[in-house]
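Biologist: I'd like to learn how to read a two-chain model by its features. Could you walk me through one?

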Amino acid sequence: MQSQPALKPERRVERLDAVTVRFAGDSGDGMQLTGSEFSKASAIAGNDIRTFPDFPAEIRAPAGTLAGVSGFQVQFASHPIYTPGDRPDVLVAMNPAALKANLPDLKPGGLIIANTGGFTDQNLKKAGYDANPLEDGSLAGYRVIPVDITRLTENALHGSGLSAREIARSKNMFALGLMLWLYQRPLEKAVADLRSKFVGRPEIVEANEKVLRAGHAYGETAELFTSVYEVPPARLAPGTYRNISGNQAIALGIVAAAQLSGLKGFLGSYPITPASDILHELSRYKNYGVTTFQAEDEIAAISAAIGAAFGGNLGITTSSGPGIALKQEAINLAVMAELPLLIVDVQRGGPSTGLPTKTEQADLLQVLFGRNGESPVPVLAAQSPGDCFRTVLEAARIAIRYMTPVIVLSDGSIANGQEPWRIPEPSELERIQVRFRTDPEGFQPYARDPETLARAWVRPGTPGLEHRIGGLEKHHLTGAVSYDPKNHELMVRTRAEKIERIAREFPPLEVDGSPSGKLLVVGWGSTYGAIAAAVRELRRRGRDVSHLHLRYLNPLPRDLGEILSRFERVVVPELNLGQLRTILRSRYLVDAKGINKVQGRPFQVTELVERIEELLS
Amino acid sequence: MKATAVVGLTRKDFQTDQEVRWCPGCGDYAILASVQKVLPELGIPRENIVFVSGIGCSSRFPYYMNTYGFHTIHGRAPAIATGLKNTRPDLQVWVVTGDGDALAIGGNHFLHALRRNVDLKILLFNNRVYGLTKGQYSPTSEFGKKAKSTPYGSIDEPVNPIQIALGANASFVARSIDVEARHLQEMLRRMAEHRGTAVLEILQNCNVFNDGAWDHLTNKETKAENQLVLEHGKPLLFANGKKGIRLRGFVPEVVEVGEGGVDVSELLVWDEKAPPALAFALAGLASPTPIGVFRQVERPVYHELEEQQARQVVERLGPGELSRLLAGRDTWTVE
């Protein structure tokens with residue numbers, strides 16, 4: 001298809017600061033691929049981006065139904081952003097169900113690109129529409145661009161020899177091509193990705209590329225749009241960047257932790273949404289000194305990792321809430337045996353099976369208190385997809401230095417969401433010190449380092465250091481089974497003290513905003529972005545609001561209590577019913593208020609702004 | 001892994017300073033003595049031996065062995081040992097478990113260790129009762145068993161550990177008896193030689209909660225009638241050679257041998273390498289009860305497959321370089 005320059009319509013280029021686009025279609029429509037390719041093009045063009053995929057738990061829910069709608073939202077901007085955007089400016093709807101499910105989120109006056117070919121009588125009925133919303137005037141408050149993507153895709157592939165099904169599956173490329181055109185992005189990256197994705201299937205590559213280019217050319221020639229848009233590059237810190245999801249960052253963090261410690265990494269895991277991608281990713285890295293073991297169940301997964309740790313390796317297990325519940329007894333074994341272990345909990349909506357593909361922060365109390373006995377375990381939470389990398393490295397360092405299991409909390413929104421990540425220079429990656437005891441002279445299995453209170457790590461195979469450990473209470477030096485009441489109390493208190501001492505190494509907390517004042521918003525984990533953006537907005541409005549983000553949930557930072565006391569009011573937004581708030585209230589006797597949401601979705605910036613405003617008034 | 005040099009260790013080297021705390025008269029003492037007798041013969045330095053156990057009377061075993069030891073949680077020893085062996089193939093890893101630990105709470109891990117053929121030596125003490133929790137019926141207790149939790153008799157059909165192991169395609173499956181020291185030690189040596197998961201069911205007497213469970217096999221008066229010793233390549237004879245096992249179709253039957261009975265040549269000649277269905281059929285016999293090696297075959301060992309795969313990946317892709325991995329495929333630079 002060649003456009004004729006002479007006929008090219010006059011089109012304005014509108015410069016925008018930030019745009020939020022949501023792609024929505026059937027779960028088989030390829031919306032995730034479309035969204036991530038579009039995001040990639042924006043990132044490569046220099047924008048800051050944040051993405052949020054939102055898909056049903058069913059692999060293929062009935063086509064055309066509301067239950068089967070899969071969405072992918074991306075915000076891209078010419079300035080640093082913190083969230084995937086609250087409400088989309090643009091909705092690409094491949095069928096009526098996609099329109100119906102997502103319309104309530106669209107900004108008033110927002111742009112709808114609707115695939116009219118998907119708006120068949122049957123699909124309208126399945127989505128519960130009595131009349132076609134594209135025709136009955138009900139979308140008058142929006143700008144609707146009807147495009148028969150289905151038919152245009154068929155036309156582009158006429159005579160290609162592909163089956164009707166294969167042709168139908170290519171229509172997402174038309175939408176992608178059109179959107180890339182609308183935002184003035186080059187097609188090259190998407191084409192290159194198609195080639196590597198469908199390696200050995202040149203007919204599919206060719207077809208997809210053809211449709212992609214057809215979508216792009218259609219935008220250019222069809223005179224549907226009076227403007228195209230430009231979102232100039234953001235000023236990010238200098239460096240080399242890539243896009244990264246939280247699960248990818250965790251996998252890379254694990255490889256880095258193994259290499260930086262010089263230990264063999266051993267991941268024991270069992271498939272569970274939304275953590276499985278970590279297992280998938282690591283299983284490809286056998287040449288990086290990491291072994292993956294898909295166990296028979298969650299318990300075996302952590303047990304095998306504990307066995308690896310006993311053998312002097314970096315043991316890791318990854319899971320989500322229901323799996324963590326099953327692992328708790330084994331976590332306690334690692335607490336008692338005082339072995340290093342890395343445990344990743346990618347939280348999802350609960351309780352029970354809950355909302356497997358949706359996000360929530362409701363495992364905090366489970367990981368802190370869900371085990372029998374006095375069982376202190378360090379807990380760190382990642383604040384963004386890229387931050388998962390650093391969090392995992394830090395957790396591994398703590399685990400090894402203090403001979404303890406450490407839990408890293410991520411969640412569904414950062415596990416699958418992406419952001420640009422500045423790739424660390426090798427010099428930024430500090431070695432993780434590992435000291436195995438080899439000297440038999442005076443060895444006692446539970447004798448401790450006076451500073452960290454860690455016992456020595458001994459690799460089996462070391463002559464003269466043969467010893468036995470286990471889950472029964474141990475004599476505080478010899479490690480022999482001990483029922484002595486005083487010894488038990490000493491050991492309980494020592495294990496607690498060991499974990500408390502980790503806080504000595506934390507950097508001072510940083511308050512964003514004034515260091516004291518009217519209101520402090522305290523958050524943890526993936527809500528960082530929404531809270532940071534909301535607090536900035538409030539300050540822009542002249543409100544006295546500061547933000548404190550907690551990476552360490554156990555032990556809590558030593559300066560936290562003092563910081564809380566400097567503010568008249570403390571508010572804790574969480575995607576649960578107030579778990580951190582409960583801890584802050586009991587620990588610091590502070591009358592913290594909560595902003596709580598449990599809808600399987602992240603906070604929107606606007607809702608936080610509103611709720612905080614209410615608290616201020 | 002096997003040391004070629006004789007290490008010159010003795011039984012004493014494998015004893016710890018811990019007071020052994022099983023009930024007086026417990027069958028576990030005899031098993032401990034046999035293990036401590038055999039280990040020095042293996043030529044493996046004791047620092048390269050690890051005992052991993054779960055929970056139960058038998059699982060106290062590691063505390064009494066002067067090797068590396070890990071007394072873990074109920075049922076999980078095979079899973080913990082799998083992670084250990086897979087990352088430390090240089091170690092000889094023994095698992096000590098019981099009928100409750102391995103077949104009730106840990107049934108899943110037992111099954112999966114066997115089907116993967118992890119190079120573990122599993123000692124399964126079977127006393128047909130829960131001892132440490134003071135006398136409840138176990139997965140191997142006989143139907144109708146009256147125990148603390150079944151005052152009117154158990155309505156659970158028992159499992160047969162040998163048949164479960166065979167069903168999971170275990171590459172080494174054997175049975176012995178706590179007090180048959182010579183036989184037990186021979187079985188321990190055989191397991192130590194085997195590459196892959198070796199399971200040894202040890203019929204063990206709990207003299208407090210289930211005394212005499214195996215009396216018919218150990219009592220001098222009755223044991224000849226009830227013990228059938230499996231020996232590779234030899235006809236199945238017992239009762240001092242007066243009786244034997246013949247196959248009728250697929251059913252093993254007890255026959256009189258010699259005068260008035262059948263000729264030895266009609267008896268089943270034991271073959272450890274035979275298809276597992278034969279061993280399965282034989283394992284179903286209660287009277288006589290077979291002891292010895294039911295099955296010993298070679299099949300790929302888990303950690304070797306793992307190592308081989310890793311080697312192949314390195315050959316194909318080269319050793320992984322962290323900076324390249326972190327960069328991924330699509331990068332851009334901000335000046």
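Modeller: We'll go from the interface to the sheets, then to salt bridges and odd backbone spots. First the ground rules: this is a predicted model, where local features need pLDDT of at least 70 and side-chain atom pairs count only at pLDDT 80 or more, while totals for chains, interfaces and linings use all residues. Residues are numbered from 1 along each chain as its sequence is written, chains are lettered from A and ligands numbered from 1 in the order in which they are written, and side-chain values use heavy atoms, with hydrogens and water left out.

Biologist: Okay, the interface. How many residues does the contact take from chain A and from chain B?

Modeller: Contact here means heavy atoms within 4.5 Å. By that rule, chain A puts in 70 residues and chain B 57 residues. Buried area is the accessible area (1.4 Å probe) that two parts lose on being put together, summed over both. Chain A and chain B bury about 5200 Å² between them, with 61% of it on carbon and sulfur atoms.

Biologist: And how many salt bridges does the rule find across the interface of chain A and chain B?

Modeller: The rule wants a side-chain nitrogen of Lys or Arg within 4 Å of a carboxyl oxygen of Asp or Glu. It finds 5 salt bridges across this interface. In one, the side chains of Arg46(B) and Glu466(A) meet at 3.7 Å, N to O.

Biologist: Which helix gives the most to the side of chain A that touches chain B?

Modeller: Helices (H or I, at least four residues) and strands (E, at least two) are DSSP runs, numbered from the N terminus. Helix α11 (residues 298-310) of chain A gives the most to that side, with 8 residues. The residues on that side of chain A divide into 39 nonpolar, 18 polar and 13 charged. For the classes, Ala, Val, Leu, Ile, Met, Phe, Trp, Tyr, Cys and Pro count as nonpolar, Asp, Glu, Lys and Arg as charged, and the others, Gly among them, as polar.

Biologist: Now strands. Which strand of chain B is joined to β9 of chain A?

Modeller: Strands of a sheet pair through backbone hydrogen bonds, either parallel or antiparallel. Two strands pair if DSSP finds at least two bridges between them. Strand β9 (residues 239-245) of chain A runs antiparallel to strand β14 (residues 332-334) of chain B, joined by 3 bridges. Thr240(A) stands opposite Thr333(B) there.

Biologist: What order do the strands take in the open sheet of 6 strands in chain A?

Modeller: The order is β3-β4-β2-β5-β6-β7, with mixed pairing. β3 (48-54) and β7 (143-147) of chain A each have a single partner strand, so one side of each is left without a neighbour in the sheet. The twist averages 15° from one strand to the next; axes are lines fitted to C-alpha atoms, for helices over the stretch in contact, and angles run from 0 to 180 degrees between N-to-C directions. Inside the sheet, β2(A) and strand β4 (residues 69-77) of chain A run antiparallel with 9 bridges, and Gly25(A) has Ser70(A) as its bridge partner. Helix α6(A) lies across β2, β5 (90-93), β6 (111-115) and β7 of chain A, at about 150° to β6(A).

Biologist: What about the sheet of 7 strands?

Modeller: That one is open too, in the order β11-β10-β12-β13-β15-β14-β21 (chain A), again with mixed pairing. Its edge strands are β11 (290-294) and β21 (552-554) of chain A, each pairing on one side only. Strand β14 (residues 379-381) of chain A runs antiparallel to β21(A) over 2 bridges, with Val379(A) opposite Asn554(A).

Biologist: How many salt bridges does the structure hold over all chains?

Modeller: There are 62 over all chains. Take Lys171(A) and Asp29(A), whose closest N and O atoms are 3.5 Å apart. This pair links distant parts of the chain, 142 residues apart: Lys171(A) in helix α6 (residues 171-182), Asp29(A) in the loop between β2 (18-26) and α1 (31-44) of chain A.

Biologist: Last one: where should I look for odd backbone geometry?

Modeller: Most residues other than glycine have a negative phi, and most peptide bonds are trans. Here a cis bond joins Gly350(A) and Pro351(A), with omega about 0°, and Pro351(A) is in the loop between β13 (341-347) and α13 (364-369) of chain A. Another cis bond joins Asn554(A) and Pro555(A), with omega about -10°. Leu589(A) has a positive phi of about 50° although it is not a glycine.
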